[in-house]
Amino acid sequence: MRKTYIDNIRWMTVVIVVIYHVFYMFNSVVTSGVIGPFTPVQYQDTYLYFIYPWFMLLLFVISGMSARFYLNGHSGKEFLKSRTTKLLVPSTIGLFVFWWISGYYNMVIGGAFENMSAVPKPILFVIMAISGIGPLWYIQLLWVFSLLLLLIRKIEKDRLYGLCEKANLPVLLCLTPVIWGAAQILNTPVIVVYRFGIYGVGFFLGYFIFSHDAVMERLEKWWLPLSLAALGLGIGFVFVFWGKPYAEHQVLDTFLCNVYAWIATLTVLSVMKKWGNFENSFSRFMSRKAWGLYLFHYLPLSACAWYLHLYISLPPLAMYLLVGAAAFAGALILYEIIRRIPVLRWCVCGIGGGK
C-alpha cells in the first residue's frame, strides 16, 4: 500500500534538489565546474547552506522505507531485478547512450576541453560519459545499498526489523552519534557526494526503523519541537559556516553539521506524517513526474545557464528564473519524450516493460 506522505516527501525533496542546483550553478563558494557568482557576497547562497546537510540524507531514508514497503509484497529476486533496471542501467549504460550530453556541458562549463585537444576522441567520449553522472550518483549508491540489503535480510530474517519497531524519540535522538560517526567513514576523497557511510546508514535506518507505522506515529507527535530545534540548528549552521565550502568534508564531518542533518530529517518525517497525507491533482502529477524531474533536470539547467552566460547579460534574478524554468520544463519535456521511445526508456529512464 502506497503512503501518500512518502510520495509527497519524495517529490518535494526533488523540487528542493532542482532549486538547489539552480542556486549552486551561480554560488560564490564552490566555483569549480559552475558558472560562478554574480557578486563576491551572495546572501541567496544561504539556501544552499540551509538545505545541503540534510536533503540527500532524507532521500536515502525514504528510499530505505520504500524498499521495505516494496519487499512486503515482492520477492528478493523481483526487488533486485526492478532496482537493477531502475537504478543501475541508467547510471551505467545510460551514460554512454544519453547522459554524455550532460557530461559535455559539465566539461564546457568547467573549462575541461581547453587542455584536452590532444586526447583521442574515443577516450574523450568516455570522459564525457563519466562526467555526465551528475545527479545519478544517488541512484548508483542506492543500487549498492539495495544489494547489501538483500544480503542482510538473509542474515537477520526480520529479527532486527521487529526489534526496531519499539524505537521512540529518545532512541532516535540517541542515533545522532551514529549519524556523525557514519559521516566520518567511507567517503570518497575527491568526489565528496559519494558518502557511503552516512547515506548507507540513512538507507538502512529508513528500512529497519522508519518503515514501521508505530515508529512514525510516535514521531508524528513531536513535529513542533523538532521543527523548532531544526530551525535553530539550521540558523546556527549557516552562522558558523557562512563563507566556507559547505560541500567539503571539513564541514560535512563536523558534529554540528550532522546533528542538524539528523534533526532536520526527523523533522521532515514528523511534519509530513502529521500534515503531508494530502492528495490533489498537482501532488499526483508531481508524484508521477518526480523520477523524471530528478533524472533530467541538470542537463537543461546547465545548458541554459551556459548559453545565457555566454551570450546574454541579465540581472541575477532573471538568470535564476530562466535557468530554473529551463530545469523544470526541460526535465519534464525530456522525460515525456524519452520514456516513450523503446530502448531509450530502458537505458536512460530505467523503465522496463512495454509502453
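Begin at D158, which sits in the loop between α7 and α8, helices here being DSSP runs of H or I of at least four residues, with strands as E runs of at least two, numbered from the N terminus. This is a predicted model, in which local features need pLDDT of at least 70 and side-chain atom pairs count only at pLDDT 80 or more, while totals for chains, interfaces and linings use all residues. Residues are numbered from 1 along each chain as its sequence is written, and side-chain values use heavy atoms, with hydrogens and water left out.

**The loop between α7 and α8**

With D158 selected, look at its backbone: phi is positive, at about 70°, although D158 is not a glycine. Most residues other than glycine have a negative phi. D158 is partly exposed, with a relative accessible area of 35%; on this scale buried means under 20% relative accessible area, exposed over 50%, and partly exposed in between, using a 1.4 Å probe and protein chains only. Now add K157, found in the loop between α7 (137-156) and α8 (159-164). K157 also is not a glycine and has a positive phi, of about 50°, and at a relative accessible area of 58% K157 is exposed.

**Back into α7, and across to α11**

Next select S146, which is placed in helix α7 and counts as buried at 3% relative accessibility. Leaving out residues up to four places away in sequence, S146 touches F79, R83, L87 and F203, where contact means heavy atoms within 4.5 Å.

Then display α7 together with helix α11 (residues 196-210): the two pack at an angle of about 55°, and their axes are 10 Å apart. The axes are lines fitted to C-alpha atoms, for helices over the stretch in contact, and the angles run from 0 to 180 degrees between N-to-C directions. The two helices, α7 and α11, are therefore oblique to each other; angles under 35 degrees count as roughly parallel, over 145 as roughly antiparallel, 65 to 115 as roughly perpendicular, and the rest as oblique. The crossing in which α7 passes α11 is right-handed, meaning that the near helix is turned clockwise from the far one by less than a right angle, whereas anticlockwise would be left-handed.

To see the contact itself, select W137, L141, L142, F145, S146, L148, L149, I152, R153 and E156 on the α7 side, and F196, Y199, G200, F203, F204, Y207 and F208 on the α11 side. By class, this contact of α7 with α11 holds 13 nonpolar, two polar and two charged residues, with Ala, Val, Leu, Ile, Met, Phe, Trp, Tyr, Cys and Pro counted as nonpolar, Asp, Glu, Lys and Arg as charged, and the others, Gly among them, as polar.

**Helix α1 and its surroundings**

Move now to α1, which is mostly covered, 17 of its 22 residues being buried. At 1.5 Å a residue, the 22 residues of α1 should span 32 Å, and its end C-alpha atoms are 32 Å apart, which agrees; the expected span is 1.5 Å times one less than the number of residues.

Within helix α1, select V15, which counts as buried at 18% relative accessibility. Not counting residues up to four places away in sequence, V15 touches M286, L293 and F328.

From there go to I51, in helix α2 (residues 46-51), which is buried with a relative accessible area of 5%. Apart from its neighbours within four places in sequence, I51 is in contact with I16 and Y20. A distance label between the C-alpha atoms of I51 and A261 should read 8.7 Å, although these residues are 210 residues apart along the chain.

**α1 against α17**

Show helix α1 (residues 4-25) with helix α17 (residues 298-311), which pack at an angle of about 25° with their axes 11 Å apart. That makes α1 roughly parallel to α17. The crossing of α1 past α17 is right-handed. The residues to select are V18, H21, V22 and M25 of α1 and Y298, L301, S302 and A305 of α17, which divide into six nonpolar, two polar and no charged.

**Last stop: α18**

Finish with the buried residues of α18, among them M319, Y320, V323 and G324. The buried residues of α18 pack against α1, α5 (93-110), α16 (281-296), α17 and α19 (344-347).
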